[in-house]
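Please keep the sequence and the model side by side while reading, since the paragraphs below move back and forth between the two.

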Amino acid sequence: MFLINLPCVFLALKIANVNWQSKLNKAAHHTSDYSSTEVILRRGQAFKITVNLQTIVQSGDNFTFIASTGNFPMAHISHPSHSSSKTSALHEPGCMNFTIFSPADAVIGRYKLKLQTVSGNKVSSTLLGQFVLLFNPWCPNDDVYMANEKERWEYVLNDSGIIFQGLEKHIQQEAWNYGQFEEGILDISLAILDRSLNHRQDPAVDTSNRNNPTYVSRVISATVNSNDEKGVVEGKWNGKYCSGTNPLQWSGSVTILRKWYRGRYKPVRYGQCWVFAGVMCTVLRSLGIPTRVITNFNSAHDTNINLSIDEYIDISGKTLHLTEDSVWNFHVWNESWFIRRDLGSFYDGWQVLDATPQERSKGIYQCGPASTRAIKEGHVNLDYDSSFVFAAVNADYVTWIHYSKKRKERIYSDTRKIGKFISTKAVGSNARVDVTANYKYPEGSLKERRVYKKALKLLGMRSTGKRTKITRCRRRSSVAWTQPAQKPSISGKLILDASPVIGQDILLTLSLRNLISDFKTIKVKLSASLVLRDRKKKRRNSVSLSIPVKEISFKISYSQYKNSLMDDRKILVTALCETKQGASLLVEKDIVLQDPLLTIKVLGPTVVHKAVNVQVTFTNPLSEVVTDCVLQAEGSGLLKEQLRIKYVNAIWLIIHSLWWKIWNKSGFFKKILKTKQSLKGKRESDNIFFPLDIKLLKSQDIYCNEMF
């Protein structure tokens, strides 16, 4: 609540109407893009209203503006000690024009604005209306202030983006429709705050804390997932998705958020890390917190927070699940920009937030905000969950051969495997920006190792800590750590002979190099496994390595993987190489099968509020007929709802995008039309055309630029 006291000579006894100067205020507060008739403002910035009167103002009377939010309107939810609200008024016959200033640390949310008048002993109060108050990255006194205008446009106003996925050596772009300005999304974002455990336990305290982006972002990280409450998205990482939507089929946040809201807060099935991150980015941007999506390749999930990830394999190279530690090919989270009053100015800037439910923090599934500065410096004892994020980007990776319950061999300790090519979308373009240097010093440097050792020391010295781990059986033997890994006398790598395309044979070469000048015979065990399935194809070879380099060529045929390929199209190939001298070498390669290209063409000119035909073309590279195909499209400002077109006999349609350029007074904006699909079957060299009738909804002139 903020009060504006005006000891003046005006008294509005009766009010005819209130003009909220909507167009003027929205432009000044950068809220014109919200698809809402409601007044949407940003804190710490003046807004104007005009009060039209039915009666004459009397001399000697006072009035006060009262702005209140939450279920307890008389609670003080701003901080008078270092903030203030004020107003100025201009008097014209029949009306009064006011300029009202809200505090830069005001609580965000939906407010009621009342005018209280005092005339002698009489007090009256009139409701002027409602408005929504958001964080303000344009205000230097706001905790979320971001000085760079291009960055503000990217991280607050851009309603579409790119999420990077795939493998460290095969990074793929996936378009995502954030849609934070779409109809109803701001209301849903505020509803997410009201559905949180914090709000249900103590609404007054929760509301009073909504002036703090640290608090708000942490609450959102807990409520986007459904593990502890009726959050937005339910996660699922294996099995069938018959009772919901395959996570790969989502292409934006709007459909998910609306489904949750319209379904009376029933969690939407299903999501994985990029879905949680995409939805969280939408919610935080809609509330005014600058936010971006981050992808960490070879991301560690360290369940016991010892900064080490152990992989156990058997003598054939098959992965054994003897620990709950794991490494994801990629993991996606968010970064939000704000200052950390709880930690000190050194830790201001980008803060890591992760809505994917992995481990409990203070009893519930939430993660962050963790300062990237704290992570880089190894300050793992600081709030919130810094140790967990530090392990995700900088844990050591130790490989063991498990011969029996009593015998295992530590064959390799890799200090560089975890946390590769940490990526985000560039400001103003779809290029990939590597932000690894924000998280850690260069791998292999003395500084990086010192930080790692400091983190280990802090984890050993601190007491209970901030993260409550789920109780799990720890199977690591303390004796095993004393067994040093033998230095391998050979090195090797797996090389793809050609880009792997779905439906084609996969051709690979194992290249082995002798690191010393002796003759040796090597037993090679090759295996290929479909990721998330315990199905392996094995092959064994013995080679004599009397020359510096030896190469073994082999293939995985389409017939071997076509019936069991997972939706994410990943195959893990391993080669376990053993010498007679006992030294072992494990060579691994993750393969993601590429999707055939989908092309989109706009047919004819594009005119605002008129439909335009869009043609989607695809050439099937396979020799089988597909059925039950669906073309899925969405785009902020282009389609009110997600578009789905069923096509009975067609080809496999995979994620691709058409980019629109939209021109208005403030510059060029990009909008995404996105397509997705599902398929069964194929037919060789089959061209299919899908005409789409798209209605352009924005009130700007639109020009097209096709990017395939």
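How many bridges join strand S22 to S23, and do the two strands run parallel or antiparallel? Strand S22, residues 396–402, is joined to S23 by six bridges, and the two run antiparallel. Before going further, note that this is a predicted model, in which local features need pLDDT of at least 70 and side-chain atom pairs count only at pLDDT 80 or more, while totals for chains, interfaces and linings use all residues. Residues are numbered from 1 along each chain as its sequence is written, and side-chain values use heavy atoms, with hydrogens and water left out.

The strands S22 and S23 belong to an open sheet of four strands, whose order is S16-S15-S22-S23 and whose pairing is mixed. Strand S16 (319–320) and strand S23 (408–414) each have a single partner strand, so they stand at the edges and one side of each is left without a neighbour in the sheet. Two strands are taken to pair if DSSP finds at least two bridges between them, and the elements themselves are DSSP runs numbered from the N terminus, with helices (H or I) of at least four residues and strands (E) of at least two. Within the antiparallel pair, Tyr 397 has Asp 414 of S23 as its bridge partner. A charge also sits over a ring here: Lys 408 lies over the face of Trp 400, at 5.3 Å from the ring centre, where the criterion is that NZ of Lys or CZ of Arg is within 6 Å of the ring centre and within 35 degrees of the ring normal.

An annotated set of residues comes next. In the unreviewed UniProt entry, the annotation "binding site" covers Asn 394, Asp 396, Glu 443 and Glu 448; UniProt positions are given in the numbering used here, feature names are shortened, and such annotations may be inferred rather than shown by experiment. These residues are spread over 55 residues of sequence, yet they cluster in space, with a largest C-alpha distance of 12.0 Å. Asn 394 lies in helix H10, residues 386–394, and at 1% relative accessibility it counts as buried, whereas Glu 443 is placed in the loop between strand S25 (432–434) and helix H11 (446–461) and, at 21%, counts as partly exposed. In these terms, buried means under 20% relative accessible area, exposed means over 50%, and partly exposed lies in between (1.4 Å probe, protein chains only).

Contacts, meaning heavy atoms within 4.5 Å, fill in the surroundings of these two residues. Not counting residues up to four places away in sequence, Asn 394 touches Ile 418, Lys 440, Glu 443, Glu 448 and Tyr 452. With the neighbours within four places likewise left aside, Glu 443 is in contact with Asn 394, Thr 415, Arg 416, Ile 418 and Glu 448. The side chains of Glu 443 and Lys 440 are joined by a polar contact of 2.5 Å, that is, a pair of N or O atoms within 3.5 Å, of which, within protein, one must be able to donate a hydrogen and the other to accept it, and residues adjacent in sequence count only if both atoms are side-chain atoms.

Helix H6, residues 213–223, holds Ser 217 as well as Ile 220. Ser 217 is buried, with a relative accessible area of 0%, and a polar atom of its side chain lies 2.8 Å from the backbone oxygen of Pro 213. Ile 220 is also buried, at 0%, and its contacts beyond four places in sequence include Met 280 and Leu 284, two residues that Ser 217 touches as well.

Aromatic rings close the tour. The structure holds 18 aromatic pairs, a pair being rings of Phe, Tyr or Trp (its six-membered ring) with centres within 6.5 Å, where planes under 30 degrees apart count as stacked, over 60 as edge-to-face and the rest as tilted. The rings of Trp 20 and Phe 131 have centres 6.0 Å apart and planes at 45 degrees, so this pair is tilted. Trp 20 lies in the loop between strand S2 (15–19) and helix H1 (22–28) and Phe 131 in strand S9 (residues 122–134), so the pair ties together parts that are 111 residues apart in sequence. Phe 346 and Tyr 347, with ring centres 5.0 Å apart and planes at 85 degrees, form an edge-to-face pair, and Arg 373 lies over the face of Phe 346, at 3.9 Å from the ring centre.
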